[in-house]
Amino acid sequence: MNKSLYTAGTLAALTLLAACGGQNNAQAPAAADKAPAAATSPSAKASVEQREQLMEGFKKQMGIMAKMVKGEAPFDAAAFQQAADALDADAGKPWEHYTPESAQEESDAKPEIWSKPDEFKKEIDKFTTAAAALKTAAASGKLDDVKKPFGEVGQSCKSCHDSFRNE
């Protein structure tokens with residue numbers, strides 16, 4: 001517990017120092033040698049955090065819809081539409097946060113994202129197309145109309161995760 005608090009406190013302090021312009025007086029000599037890399041670290045870390053936050057949003061929206069599709073919750077056409085709209089609205093956003101600098105940050109992203117950009121782009125296109133189709137299908141207000149497009153979104157997520165995410 002104390003080690004966790006110490007680690008969290010250290011990370012918080014380093015984050016504050018970085019946000020304040022990186023007070024170099026507190027850096028150890030070895031860290032000073034890596035100043036250029038450290039200068040990109042806050043933005044790289046922010047990129048990872050932003051894309052992870054967007055993915056958590058996808059997970060939340062898919063969870064809402066999944067309960068209805070599986071019959072675990074009553075189908076509420078308005079709530080389903082709202083979730084599909086939110087998913088579609090954010091479908092194109094995480095990808096800009098897969099920057100070359102963020103490849104060096106700890107995350108679940110596989111190196112193949114950067115070594116196979118064309119394949120990654122195909123997965124992105126499949127997902128954004130599937131999310132748009134789900135939004136369109138949800139406008140019918142009918143459960144039967146959303147089942148197939150919902151499954152296609154889920155398959156798109158799985159396909160991308162299988163190739164480009166460490167699970």
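**Figure 1. Surroundings of H97 in the loop between α4 and α5.** In this predicted model, H97 is placed in the loop that joins α4 to α5. The relative accessible area of H97 is 16%, so the residue counts as buried, the cut-off being under 20%. Leaving out residues up to four places away in sequence, H97 touches S47, Q50, R51, L54 and S102.

**Figure 2. Surroundings of W95 in the loop between α4 and α5.** The loop between α4 and α5 (112–115) also holds W95. W95 has a relative accessible area of 15% and is therefore buried. Neighbours up to four places away in sequence aside, W95 touches M55, F58, F120, I124, F127 and T128. One of these partners, F120, lies 25 residues from W95 along the chain, and the C-alpha atoms of the two are separated by 9.5 Å.

**Figure 3. Surroundings of Q61 in helix α3.** Q61 belongs to helix α3, which covers residues 35–69. Is Q61 buried or exposed? With a relative accessibility of 15%, Q61 counts as buried. Apart from residues up to four places away in sequence, the residues touched by Q61 are A83, A86 and L87. Between the C-alpha atoms of Q61 and Q82 the separation is 8.7 Å, and the two residues are 21 apart along the chain.

**Figure 4. Packing of helix α4 against helix α6.** Helix α4 runs through residues 77–90 and helix α6 through residues 117–138. The two helices pack at an angle of about 155 degrees, and their axes are 9 Å apart. Because angles over 145 degrees count as roughly antiparallel, α4 is roughly antiparallel to α6. The crossing of α4 past α6 is left-handed. On the α4 side, the contact is made by F80, Q81, A84, D85, L87 and D88. On the α6 side, F127, T128, A131, A132, L134, K135 and A138 take part. Sorted by type, the residues of this contact are 8 nonpolar, 2 polar and 3 charged.

**Figure 5. The largest nonpolar core and the contacts of M65.** The largest nonpolar core is made up of 28 residues. Which residues have the most contacts inside this core? They are M65, F80, L87, F120, L134 and F150. At least two residues of the core come from each of α3, α4, α6 and α7 (143–164). Helix α6 gives the most, with 8 residues. In soluble globular proteins, nonpolar side chains tend to be buried together. M65 is in contact with F80, A83, A84, L87, L134 and F150, its neighbours within four places in sequence being left aside. Among these partners of M65, F80 and L87 of α4 and L134 of α6 also belong to the contact of the two helices.

**Figure 6. The protein chain as a whole, for orientation of the close-ups.** The protein chain contains 7 helices and 0 strands. Along the sequence, the pattern reads α-α-α-α-α-α-α. The protein chain has 167 residues, of which 26% count as buried. Among contacts in the protein chain with a separation of 6 or more, 74% are between residues 24 or more positions apart. One pair at such a separation is W95 and F120, at 25 residues apart along the chain, and these residues are in contact.

Conventions:
Residues are numbered from 1 along each chain as its sequence is written. This is a predicted model: local features need pLDDT of at least 70, side-chain atom pairs count only at pLDDT 80 or more; totals for chains, interfaces and linings use all residues. Side-chain values use heavy atoms; hydrogens and water are left out. Axes are lines fitted to C-alpha atoms, for helices over the stretch in contact, and angles run from 0 to 180 degrees between N-to-C directions. Helices (H or I, at least four residues) and strands (E, at least two) are DSSP runs, numbered from the N terminus. Angles under 35 degrees count as roughly parallel, over 145 as roughly antiparallel, 65 to 115 as roughly perpendicular and the rest as oblique. A crossing is left-handed if the near helix is turned anticlockwise from the far one by less than a right angle, and right-handed if clockwise. Contact means heavy atoms within 4.5 Å. Ala, Val, Leu, Ile, Met, Phe, Trp, Tyr, Cys and Pro count as nonpolar, Asp, Glu, Lys and Arg as charged, and the others, Gly among them, as polar. Buried means under 20% relative accessible area, exposed over 50%, partly exposed in between (1.4 Å probe, protein chains only). A nonpolar core is a set of buried Ala, Val, Leu, Ile, Met, Phe, Trp, Tyr and Cys residues joined through side-chain atoms within 4.5 Å.
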